[in-house]
Amino acid sequence: MNDEKKENKEKFNREEFGRRLREVRKGLKVTSDKLGFACGVNPVFIRQIEAGTRVPSVPVFVKICDSLQISPAYLLGNEVQVPVTDLGWEEMAEEISQLSDTSGDMVKEVLHSLIENLAEKESRSTREEERYGVIDHVEFGKRIKKVRQEMQYTSQEVAVNCGVSSVFIRQVELGERLPSLSVFICLCRVLEISPAYLLGNEIKVEVSDCKWEELAHIQCDMTSKSQQVVKDVLTSLIHNLPKKTESF
């Protein structure tokens, strides 16, 4: 493992996390009492989190995101920085919008096909509404193992970077245990994966821009390797398909 990948054990910024949570909660006009009730914890605990004196467990973190309808990536702020290669999703969506209507429809069809074949499948045929916000330990572990193997890391290497034992990493991958929030953040850093991917099916965040809803699925339900495949295909299409005819 490269030396630069061995310094991933930065301390979790509790104060910044709490500030972001408080900002989102107040912006939505949700009281700490109401949020605590929705997450199944004492409202005092929510206020302690916002004050930066306590850190939620991963299950509580998921419930907070689900209750406030906020991306885990936003609440974690700069704690997890996933490398961006070539065009970002927003820039790519803008490039696609410049294509002709026929070209745009073609790109959408390709995008749907890629999603169907590369995105992670929901493990349950049907999922009740109230199941959102509840972590599937086994699915969570499978996703971590999949990304680790794609990056050709051993469980020992990941463990060393996260300051935990290799036995613990194997237990997480088997769905027997869940990491603390700080270890979860470290896993995202080491594996260079968005927390939205590891928690993709656990948080039902409504997508406001339905036109390119597919991009939200790509970010949540694909590994970095699969995302790069999609980017490469879309980039090729963008550069080769006709653009909209300019009006004079």
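**Aromatic pairs, cysteines and a helix face**

Modeller: There are 2 aromatic pairs in this structure, which is a predicted model.

Biologist: What makes Phe-17 and Phe-61 an aromatic pair, and why is it called tilted?

Modeller: Their ring centres are 5.9 Å apart, and the cut-off for a pair is 6.5 Å, so they qualify. The planes meet at 45°; stacked needs under 30 degrees and edge-to-face over 60, so tilted is what remains. As for location, Phe-17 sits in helix H1 (residues 14-27) and Phe-61 in helix H4 (residues 58-68), which puts them 44 residues apart and ties together distant parts of the chain. Phe-17 and Phe-61 are both buried.

Biologist: Why is the pair of Phe-140 and Phe-184 called tilted too?

Modeller: Here the centres are 6.0 Å apart, with 35° between the planes. That angle falls between the 30 and 60 degree limits, so tilted it is. This pair also joins distant parts of the chain, with Phe-140 in helix H8 (residues 137-150) and Phe-184 in helix H11 (residues 181-191), 44 residues apart. Phe-140 and Phe-184 are buried as well.

Biologist: How many disulfides does a search of the whole structure find?

Modeller: It turns up 0.

Biologist: How do you know that Cys-65 is in no disulfide?

Modeller: The nearest cysteine sulfur belongs to Cys-39, 9.1 Å away. A disulfide needs the two sulfurs within 2.5 Å, so that rules it out. Cys-65 has a relative accessible area of 0%; buried starts under 20%, so Cys-65 is buried.

Biologist: And Cys-162, what is its closest cysteine sulfur, and why is there no bond?

Modeller: That sulfur is in Cys-186, 3.3 Å away, and this is too far for a bond. The limit is 2.5 Å, so the pair fails. With a relative accessible area of 9%, Cys-162 counts as buried.

Biologist: Why does Ser-166 count as buried?

Modeller: Its relative accessibility is 14%, and the line is drawn at 20%, so Ser-166 passes. Ser-166 belongs to helix H10 (residues 166-173). Leaving aside residues up to four places away in sequence, Ser-166 touches Ser-155, Gln-156 and Ala-159.

Biologist: How do you know that the span of helix H7 agrees with its 18 residues?

Modeller: At 1.5 Å a residue, H7 (residues 101-118) should span 26 Å, and its end C-alpha atoms are 25 Å apart, so the two agree.

Biologist: Which residues of H7 are buried, and what makes them line one face?

Modeller: They are Ser-103, Gly-104, Val-107, Leu-111, Leu-114 and Ile-115. Looking down the axis of H7, these buried residues stay within an arc of 110°, so they line one face of the helix. The face turned away from them holds the exposed residues Asp-101, Thr-102, Glu-109, Glu-116 and Asn-117. In general, residues three or four places apart point the same way because an α-helix has 3.6 residues a turn.

Biologist: What does Pro-242 touch?

Modeller: Beyond residues up to four places away in sequence, Pro-242 touches Leu-99, Ser-100 and Ser-103. Pro-242 comes in the segment after helix H14 (224-240). Its C-alpha is 6.1 Å from that of Leu-99, although they are 143 residues apart in sequence.

Biologist: Where is the pLDDT below 50?

Modeller: The chain average is 79, and 76% of the residues score at least 70. Residues 123-132 fall below 50, with 15 contacts beyond near neighbours in sequence. Residues 205-210 are below 50 too, with 5 such contacts. Where pLDDT is low, the predicted coordinates should not be read in detail.

Definitions and conventions. Residues are numbered from 1 along each chain as its sequence is written. This is a predicted model: local features need pLDDT of at least 70, side-chain atom pairs count only at pLDDT 80 or more; totals for chains, interfaces and linings use all residues. Side-chain values use heavy atoms; hydrogens and water are left out. Helices (H or I, at least four residues) and strands (E, at least two) are DSSP runs, numbered from the N terminus. The expected span of a helix is 1.5 Å times one less than its number of residues. Buried means under 20% relative accessible area, exposed over 50%, partly exposed in between (1.4 Å probe, protein chains only). The arc is that of the directions from the helix axis to the C-beta atoms. Contact means heavy atoms within 4.5 Å. pLDDT is the predictor's confidence in each residue, from 0 to 100.
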